[in-house]
Amino acid sequence: MTATDLGMPGLAGVPTSDDKQSIKDYKSDQEVRWCPGCGDYVVLSIVQSFLPTLGLRRENIVFISGIGCSSRFPYYLNTYGMHSIHGRAPAIATGLAVARPDLSVWVVTGDGDALSIGGNHLIHTLRRNVNLKILLFNNRIYGLTKGQYSPTSEPGKVTKSTPMGSLDHPFNPVSLALGADATFVARTLDSDRAQLTEILTAAATHRGSAFVEIYQNCPIFNDGAFDVLKDQGEREHRLIPLSHGQPIRFGPNEEYGVVRSGLAGLDVARIDDVGDDAVIKHDATLDDPSYAFALSRLSTQDLSHTVTGIFRNVTRPTYDDQARAQLAEAAATRPPDLQALLRGKDTWTVA
């Protein structure tokens, strides 16, 4: 039986397990070492609870991380894993995905690891559409190296490395991923267990690069960064949840909606002012990423509006599938000849 038989086309070819699994099967024997109150604990618990639902063999699941607090993830999962190089986890994961189509490959990274030194690796992995899943933990700070500002820190952020306030314009990670034409892009909060589980399930079944940004609290160096998105009475006015095929409405009584604005933009309006027909229905399957990009621009750095859910989920050939097909074609039509390669027309002799 393959994952295709289970109705999970994105996991096709990855061997399944006949044994019933539980969260205990995915907890390693390593002591979890994060600061008390860190959002990583919540995400770890959700991932450990989610993995048994895939029905895969643990030896066919691999987590690869870079450097940072979130990158300790592989130690705490009873799967294969690798704590790799700063910013280079997507590159290492790409090699593994190309060489081993029988594996479900996951990357765990942070806003500093992925968007600073690892920025190029991230965007090229996404544009190539390598069949792997990237979880980016965004706490808007460097935690492991003790509180420097990160590529997602807000302007004016006072930290050890910006004592007079950050001058940098921050990344919107979802916009960045969509700009790289990623085929699956989503955002959620560490505290939203239901939505995070739903998104992880969709990401796991997606064939190609799946990018998931997770807002995650750092209680030591950036405590409360996302509290307004969790507080009763505030979150209802700020969070804009997406549900494929449904009108994009939010607010305590769903009195606000997302409407068209300008040539290709989107905006927020009171439904009483514009009418129900003006509220757009979310379509994550649009091939043109401009709609999803416009959605991503509704999210503001001050969190007055934050869009969560699956922005885009489309199908495109994957890099690893095409690479394997190319190798098979070369092997069938072009017998290997090392000497011909070494002495080909692009070589010369120095007298």
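In which hand does α1 pass α6 in their crossing?

1. α1 passes α6 in a right-handed crossing (the near helix is turned clockwise from the far one by less than a right angle; anticlockwise would be left-handed). This is a predicted model, in which local features need pLDDT of at least 70, side-chain atom pairs count only at pLDDT 80 or more, and totals for chains, interfaces and linings use all residues. Residues are numbered from 1 along each chain as its sequence is written, and side-chain values use heavy atoms, with hydrogens and water left out.

2. The axes of α1 (residues 39-50) and α6 (residues 193-205) cross at roughly 50° and come within 10 Å. Axes are lines fitted to C-alpha atoms, for helices over the stretch in contact, with angles from 0 to 180 degrees between N-to-C directions. Helices are DSSP runs of H or I, at least four residues, and strands are runs of E, at least two, numbered from the N terminus. α1 is therefore oblique to α6 (not under 35 degrees, over 145, or 65 to 115).

3. In contact (heavy atoms within 4.5 Å), α1 residues including Val 43, Ile 46 and Phe 50 meet α6 residues including Leu 196, Leu 200 and Ala 204.

4. Eight strands form an open sheet of mixed pairing, ordered β2-β1-β3-β4-β6-β5-β11-β7; strands pair if DSSP finds at least two bridges between them. β2 (80-83) and β7 (239-241) are at the edges, each with a single partner strand, so one side of each lacks a neighbour in the sheet. The twist averages 20° from one strand to the next.

5. β4 (residues 133-138) and β6 (residues 210-215) pair in the parallel sense over six bridges.
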